[in-house]
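Please describe how this chain is packed, beginning with its nonpolar interior and moving on to its helices and to a few individual buried residues.

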Amino acid sequence: MANAAARKKTSAGMSDKTSDIVLTAICAIALIIVAYPLYYVLIASVSDPYEVYAGKTFLLPSGFTLDGYKAVFADPKIVSGFLNSVKYTVIGTCFSVIMLYITAYPLADKNLPGRKWISLFFVFTMYFGGGLVPTYLVVQDTGLMGSMWSLFLPGGVGVGNMIVVRNYFQHSIPHDLVEASEIDGCSKFRTFLSVVIPLSLPILAVQAVFAMVAYWNDWFTAMIYLGGKGEPLPLVLRGILMKSSAAQEQAAMISGGYAELNKQTELIKFCSMIVAAVPMLIAYPYVQKYFEKGFMAGAVKG
């Protein structure tokens with residue numbers, strides 16, 4: 001009997017070890033599938049474009065060159081575009097998170113008068129919207145054209161994210177703790193600042209990441225509403241690429257000119273992707289530890 005139990009235990013141990021190996025292999029394959037495209041863009045940005053399109057660039061750069069980065073950083077707007085993107089991202093993230101909190105926290109209170117109808121009003125906007133033209137007219141009539149606030153105010157509350165934050169308040173923050181703080185003399189505002197916000201840092205980090213990525217990558221809204229003033233980095237990079245493409249077309253009839261400009265245009269494409277992505281890749285690890293915990297806590301329990 002003892003030998004049978006030992007064999008069973010050994011068999012179970014081998015099974016667990018095998019499953020760990022299989023899961024590790026699956027995770028490694030998934031990591032390669034997800035990470036390799038970004039790595040490929042990175043090595044392509046410092047490779048000869050003709051070598052890239054010939055399939056000679058796989059794991060290491062081929063025909064190493066920094067001409068693409070030199071062309072990108074030679075544009076005088078690149079620094080101002082970067083600073084504008086940082087400004088818009090910081091202000092927009094703070095604004096979005098504040099708007100989420102001041103809408104989600106009251107709706108998490110089951111005693112709020114008209115809570116059901118207010119929630120339905122928000123949900124309605126998720127499915128029905130005026131579109132670009134009515135939004136443009138509203139921004140124009142409110143005098144926000146050319147102002148950075150045109151990037152934030154029209155979409156100040158992300159309803160889907162607000163519902164996630166509301167669920168977090170309802171199910172992850174003990175109601176008894178909120179009541180105890182009010183019994184001890186805290187006002188609702190003091191309770192919100194001293195109790196609710198410190199306990200909701202994981203979901204705050206998640207929503208901050210969502211907002212950061214959205215504002216950092218947003219170029220279309222800036223192109224529509226800013227009118228060429230205070231362009232963010234993605235819009236500056238788009239302008240650099242368009243200038244290179246236009247110069248390439250103009251040189252199409254010049255012997256030798258087209259090939260060289262085409263090469264530079266392809267390099268700029270890859271370099272622009274890396275320049276735009278690197279700041280977010282640097283910022284993400286600092287909040288990654290809160291990401292899964294906060295998102296799942298706000299997503300479960302309807």
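The largest nonpolar core comprises 20 residues, and those with the most contacts inside it are Y69, V72, I78, L233, L237, I240 and V275; such a core is a set of buried Ala, Val, Leu, Ile, Met, Phe, Trp, Tyr and Cys residues joined through side-chain atoms within 4.5 Å. At least two residues of this core are supplied by each of α1 (2-44), α3 (67-73), α12 (233-250) and α13 (257-283), and its largest share, seven residues, comes from α13. I78 is in contact with V72, F73, L233, V236, L237 and I240, leaving aside neighbours within four places in sequence, where contact means heavy atoms within 4.5 Å. A second, separate core has 19 residues, including V97, A104, V165 and A208.

This is a predicted model, in which local features need pLDDT of at least 70 and side-chain atom pairs count only at pLDDT 80 or more, whereas totals for chains, interfaces and linings use all residues. Residues are numbered from 1 along each chain as its sequence is written, and side-chain values use heavy atoms, with hydrogens and water left out.

The chain has 14 helices and zero strands; these elements are DSSP runs numbered from the N terminus, helices being H or I of at least four residues and strands E of at least two. Of its 302 residues, 33% count as buried, a term that means under 20% relative accessible area, with exposed over 50% and partly exposed in between (1.4 Å probe, protein chains only). Among the contacts in the chain with a separation of 6 or more, 72% are accounted for by residues 24 or more positions apart.

Helix α7 (residues 159-172) and helix α10 (residues 201-217) pack with their axes 10 Å apart and at an angle of about 170 degrees, where axes are lines fitted to C-alpha atoms, for helices over the stretch in contact, and angles run from 0 to 180 degrees between N-to-C directions. The two helices are therefore roughly antiparallel to each other, a description applied to angles over 145 degrees. N161, V164, V165 and Y168 of α7 make the contact with P202, I203, Q207 and F210 of α10. These contact residues divide into six nonpolar, two polar and no charged, counting Ala, Val, Leu, Ile, Met, Phe, Trp, Tyr, Cys and Pro as nonpolar, Asp, Glu, Lys and Arg as charged, and the others, Gly among them, as polar. Within α7, the buried residues are V159, M162, V164, V165, R166, N167, Y168 and F169.

Three buried residues can be set side by side, each with a partner distant in sequence.

| Residue | Relative accessibility | Partner | Separation in sequence | C-alpha distance |
|---|---|---|---|---|
| V46 | 11% | Y69 | 23 residues | 8.2 Å |
| Y215 | 14% | Y88 | 127 residues | 6.8 Å |
| S96 | 10% | A211 | 115 residues | 6.9 Å |

V46 is found in the loop between α1 and α2 (49-53), and, not counting residues up to four places away in sequence, V46 touches P61, G63, F64, T65, L66 and Y69. Y215 has its place in helix α10, and with the residues up to four places away again not counted, Y215 touches Y88, T89, G92, T93, S96, L151 and F152. S96 lies in helix α4 (residues 77-107), and, apart from neighbours within four places in sequence, S96 is in contact with G156, A211 and Y215.

Notes. Parallel < 35°, antiparallel > 145°, perpendicular 65-115°, else oblique.
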